[in-house]
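Me: Please take a close look at the aromatic residues in this model. I would like to know which rings pair up, and how they sit against each other.

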Amino acid sequence: MMKGIHHTGLSVLDLEKAIAYWTGCFGFEVAARFDVEDIPETRALMQAENPAAKVAFLTGPTGHVELFQFDANAGVPAQSHTVHDAGIRHACLQAIEVDPLFDRCADNGTRWHARPSGLGTGALYAYVRDPEGNIIELEGVPWGPADQTLPWYAHTA
């Protein structure tokens, strides 16, 4: 198990639904909420014509997720990328028991193609999509820390 990663940023269309998903599925907690203003400094920093956004910073056992709801994306439909599209394509969360994690995600609006299965590594894997189509890898690692009750952040790829 990795010791930690600071955070992965994720642009979302509905901040409240994204917060409910990450807290409901993975037990992350809201650590901070703030707004990004559309001012010259943030336009330059973020290289965006309109960087105005509502932001939530969520924390989990080994890392954080920063959710951005950009004003510029209002009314834009959700997109489902494939795992092989260029760029960051998924975040991975691990648990000792992946089936209960998979079921909890299914109860919170996750879409999937198949239940967790093995690839010969001793771990179980499932690639799922959150309600906005973002890919999340669920990985069951029976050798994980026995005292860890919440899923932990493993990587972003």
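Reply: Here is the aromatic cluster, followed by the chain around it. Keep in mind that this is a predicted model.

Start with the whole structure: a search finds six aromatic pairs. One of them joins Tyr21 and Phe26. Their ring centres are 5.8 Å apart, and the planes meet at 85 degrees. That pair is edge-to-face, because planes over 60 degrees apart count as such. Both Tyr21 and Phe26 are buried.

Phe26 also pairs with Trp22. Here the centres lie 5.0 Å apart, with 55 degrees between the planes. This pair is tilted. Trp22 is buried, as is Phe26.

Where do Trp22 and Phe26 lie? Both belong to helix 1, which covers residues 15-26. Four residues separate Trp22 from Phe26, about one turn of the helix. The group does not end there: Tyr21, Trp22, Phe26 and Phe28 form one aromatic cluster.

Now step back to the chain. It has three helices and ten strands. Along the sequence they follow the pattern β-α-β-α-β-β-β-α-β-β-β-β-β. Of the 157 residues, 39% count as buried. Tyr21, Trp22 and Phe26 have that status too.

How does the overall size fit? A compact globule of 157 residues would have a radius of gyration near 15 Å, and the chain has 16 Å, so the two agree. The C-alpha trace spans about 50 × 30 × 25 Å along its principal axes. Among contacts with a separation of 6 or more, 60% join residues 24 or more positions apart.

Conventions: Residues are numbered from 1 along each chain as its sequence is written. This is a predicted model: local features need pLDDT of at least 70, side-chain atom pairs count only at pLDDT 80 or more; totals for chains, interfaces and linings use all residues. Side-chain values use heavy atoms; hydrogens and water are left out. Helices (H or I, at least four residues) and strands (E, at least two) are DSSP runs, numbered from the N terminus. The radius of gyration is taken over C-alpha atoms; the globule rule is 2.2 Å times the number of residues to the power 0.38. Buried means under 20% relative accessible area, exposed over 50%, partly exposed in between (1.4 Å probe, protein chains only). Contact means heavy atoms within 4.5 Å. Rings of Phe, Tyr and Trp (its six-membered ring) pair if their centres lie within 6.5 Å; planes under 30 degrees apart count as stacked, over 60 as edge-to-face and the rest as tilted.
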